[in-house]
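Q: Please take a close look at one part of this predicted model. I should like a connected account of a single residue and its surroundings.

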Amino acid sequence: MNFVMKQALGGATKDMGKMLGGEEEKDPDAAKKEEERQEALRQQEEERKAKYAKMEAERENIRQGIRDKYGIKKKEEKEAEAAAAMEQASEGSLTRPKKAVPTGCGDEEEEESIVDTVMKFIPTPLMDMFNKK
């Protein structure tokens, strides 16, 4: 009968005692095992990071070889050269360099043309209401 119960419960007889309010079995080495497990996880993570850092260094060497072969500059180098050019251009000037104004910002004439365009599509009775004000 005991065998049939174990088979029916799928070997969960230990857990049945816990579910029925029995005492949990405490492993005396549980804290030590958990600490060892955590240390193993940390070590695996460090090894993984080292592996990917090594792979990235190899990729960067290959990228640099391609840049050297075709005369391509890194983005950081391009940005540094652009900043140096701005500094050099503004050295003789007493004012700071002007910033480029994006299109559509500050153009009042363009805004008025938009209003005029909208007014063309408004029916005549509504136009009369706007003009009376």
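A: In this predicted model, the side chain of Arg67 makes a polar contact with the side chain of Gln64, at 2.9 Å. Arg67 itself lies in helix 3. Its relative accessibility is 15%, and because buried means under 20%, Arg67 counts as buried. For the protein as a whole, 1% of the 133 residues count as buried.

Beyond its neighbours within four places in sequence, Arg67 is in contact with Glu60, Ile72, Lys73 and Lys74. These contacts can be taken in turn.

Glu60 and Lys74 are joined to each other by a salt bridge, with their closest N and O atoms 3.6 Å apart. This pair links distant parts of the chain, since Glu60 is in helix 3 and Lys74 is in the loop between helix 3 and helix 4, 14 residues apart. Both partners are partly exposed: Glu60 has a relative accessibility of 25%, and Lys74 has a relative accessible area of 26%. As a general matter, side chains of opposite charge can pair when their charged atoms come close.

The pairing of Lys74 with Glu60 belongs to a wider arrangement, for Glu56, Arg59, Glu60, Arg63, Arg67 and Lys74 are linked in a network of salt bridges. Another pair in the network is Arg63 with Glu56, whose side chains meet in a salt bridge at 3.0 Å, N to O. Arg63 counts as partly exposed at 34% relative accessibility, and Glu56 is likewise partly exposed, with a relative accessible area of 36%.

Lys73, a further contact of Arg67, forms a salt bridge with Glu81, again through their side chains, at 3.0 Å from N to O. Lys73 is partly exposed, its relative accessible area being 39%; the corresponding value for Glu81 is 43%, which also makes Glu81 partly exposed. The count of salt bridges comes to nine.

The remaining contact in the list, Ile72, has a nonpolar setting. Ile72 is placed in the loop between helix 3 (30–70) and helix 4 (75–89), and at 45% relative accessibility it counts as partly exposed. Together with Ile62, Ile66 and Tyr70, Ile72 makes a nonpolar surface patch of about 430 Å². The accessible surface of the protein comes to about 13000 Å², of which 56% belongs to carbon and sulfur atoms.

The setting for this region is a protein with six helices and zero strands. Within it, Arg67 takes part in the salt-bridge network and is also in contact with Ile72, a member of the nonpolar patch.

Conventions. Residues numbered from 1 in each chain as written. Predicted model: local features only at pLDDT ≥ 70, side-chain atom pairs only at ≥ 80, totals over all residues. Heavy atoms only, no water. Patch = residues over 30% accessible without salt bridge, like charges linked within 9 Å, V, L, I, M, F, W, Y side chains within 5 Å. Areas by Shrake-Rupley, 256 points an atom, 1.4 Å probe, with all protein chains shown as cover. Salt bridge = Lys/Arg side-chain N within 4 Å of Asp/Glu carboxyl O. Helix = DSSP H or I, 4+ residues; strand = E, 2+ residues; numbered from the N terminus. Buried < 20%, exposed > 50% of the residue type's maximum accessible area, 1.4 Å probe, protein only. Polar contact = N/O pair within 3.5 Å; in protein donor to acceptor, adjacent residues only side chain to side chain. Contact = heavy atoms within 4.5 Å.
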